[in-house]
Amino acid sequence: ANGVASTSALPPAGRPGSMQAAVPVTSAPSAPPGVVYGPPAMYISQQALNQPMAQYILPNGAVVLRPAPIPYAPPLQPQPDWEMQLALAQSAQEHAAQERMRQQRQQEAVQAQQRKQAQLQAQQLSQKWWKTTCLEYSDHLCDGFYEVFGDFPEVEEMTDKGRVPALSALKMVKTLEGDPREVVVVDLTSDSALCTVSAKAADATAAVASKGAAARAEALAQVVVGALGGWFEDADTLNQFWRSESDREKHARSSVVIALGSLKYGAARHRALLYKLLADSLNIKCQLKRGEAAGGGEDLSCPFVHVEGKEYAVNLLSPAP
């Protein structure tokens, strides 16, 4: 009824239109392009010979073979090129890694340059203190600074004339018990005890900041004295405590070089050095003098502060009367 027939609807063999009764195909003069004719009731499209065919029966009984309808399928979307995407991802990761390495190398180069400059500054200040026995208000102590107490013929051959012995050479020197020679080094990066004292000084001076510069200088003095054994009535007694402490530290380190923060008792020069170091970090104007400039012998050092237009010597040994 709908004009479509199955194979069972084909005409019997021998009837006109039957595939078995087909005669040699001839082209009709009026045949449309691509169409050939068999018997009068049948034609086949050459363009569809390689496609699935369907049989249709016309009203006059002719059987027509036409290409079977092809179900609609949406056009295929281009599939992503996973190899290309993977290559791009790997390239981006490699570029990011190279950029991180470049930044790390740049940062390390900057840090190395900063360390080099700090070491140079520390060496220059150590040389100035050793030779002139004076550090000005503008001379700020930094990590790597060291103070040499005593003569060291052990490193004389490795030291240029008029130059302070190198710290690397001094570290190899060992002394016997009772030998007062000593090298004190400043290093906040590795001296945890010194860092603790620095924090206490910051808190103490901040607590009296409203009272002025003189109160800050006095508060700092109290912190320094407390960190290095307290007040002593006379310098000789203090020196006895310091020598015992110094021998203990030098023996523990197997070197004449000791950290400033490791001392529980400090003589006048240790206290003056610690005061100068902390004053510089707290923006308290301070200069350091030793020997005759400080009004005493070679082992005497004294810090001076500039407060309200005047210079004052800071007492770090005996309590004020």
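A polar contact is a pair of N or O atoms within 3.5 Å, where, within protein, one atom must be able to donate a hydrogen and the other to accept it. In this predicted model, the side chain of E147 makes such a contact with the side chain of R269, at 3.1 Å, and the side chain of E147 makes another with the side chain of W129, at 2.9 Å.

**Overall composition**

The chain contains six helices and 11 strands, and 35% of its 321 residues count as buried. Among contacts in the chain between residues at least 6 apart in sequence, 55% join residues at least 24 apart.

**The surroundings of E147**

E147 belongs to strand 6, which covers residues 146–149, and E147 counts as buried because its relative accessibility is 2%. Leaving aside residues up to four places away in sequence, E147 touches W129, E182, V183, V184, R269, L273, R290 and S301. Two of these neighbours, W129 and R269, are thus also its side-chain polar partners named at the start.

**Helix 3 and its two packing partners**

Two packed helices are described by the angle between their axes and the distance between the axes. The table sets out these values for helix 3 with helix 4 and for helix 3 with helix 6.

| Helix pair | Angle between axes | Distance between axes |
|---|---|---|
| Helix 3 (residues 192–207) and helix 4 (residues 213–227) | about 150° | 9 Å |
| Helix 3 and helix 6 (residues 268–281) | about 60° | 10 Å |

How are helix 3 and helix 4 oriented, roughly parallel or roughly antiparallel to each other? Angles over 145 degrees count as roughly antiparallel, and the angle of about 150° between helix 3 and helix 4 therefore makes them roughly antiparallel to each other. The crossing of helix 3 and helix 4 is right-handed. On the helix 3 side, V197, K200, A201, A204 and T205 take part, and they meet R216, A219, L220, V223 and A227 in helix 4. By class, this contact of helix 3 with helix 4 has seven nonpolar, one polar and two charged residues.

Helix 3 and helix 6, by contrast, are oblique to each other, because their angle of about 60° falls outside the ranges that count as roughly parallel, antiparallel or perpendicular. The crossing of helix 3 and helix 6 is right-handed. The contact is made by L194, V197, S198 and A201 of helix 3 together with L274, L277 and L278 of helix 6. Sorted by class, the contact of helix 3 with helix 6 has six nonpolar, one polar and no charged residues. V197 and A201 of helix 3 appear in the contact with helix 4 and also in the contact with helix 6.

**G266, in the loop before helix 6**

G266 is placed in the loop between strand 8 (257–259) and helix 6. With a relative accessibility of 0%, G266 counts as buried. Not counting residues up to four places away in sequence, G266 touches L228, L238 and R271. The C-alpha atoms of G266 and E245 are separated by 8.3 Å, although these residues are 21 residues apart along the chain.

**N315, after strand 11**

N315 is found in the segment after strand 11 (310–313), where it is partly exposed, with a relative accessible area of 36%. A polar atom of the N315 side chain lies 3.2 Å from the backbone nitrogen of L317, and the backbone oxygen of S318 lies 2.5 Å from a polar atom of the N315 side chain. Along the chain, N315 and P303 are 12 residues apart, and their C-alpha atoms are separated by 8.3 Å.

Definitions and conventions. Residues are numbered from 1 along each chain as its sequence is written. This is a predicted model: local features need pLDDT of at least 70, side-chain atom pairs count only at pLDDT 80 or more; totals for chains, interfaces and linings use all residues. Side-chain values use heavy atoms; hydrogens and water are left out. Axes are lines fitted to C-alpha atoms, for helices over the stretch in contact, and angles run from 0 to 180 degrees between N-to-C directions. Helices (H or I, at least four residues) and strands (E, at least two) are DSSP runs, numbered from the N terminus. Angles under 35 degrees count as roughly parallel, over 145 as roughly antiparallel, 65 to 115 as roughly perpendicular and the rest as oblique. A crossing is left-handed if the near helix is turned anticlockwise from the far one by less than a right angle, and right-handed if clockwise. Contact means heavy atoms within 4.5 Å. Ala, Val, Leu, Ile, Met, Phe, Trp, Tyr, Cys and Pro count as nonpolar, Asp, Glu, Lys and Arg as charged, and the others, Gly among them, as polar. Buried means under 20% relative accessible area, exposed over 50%, partly exposed in between (1.4 Å probe, protein chains only).
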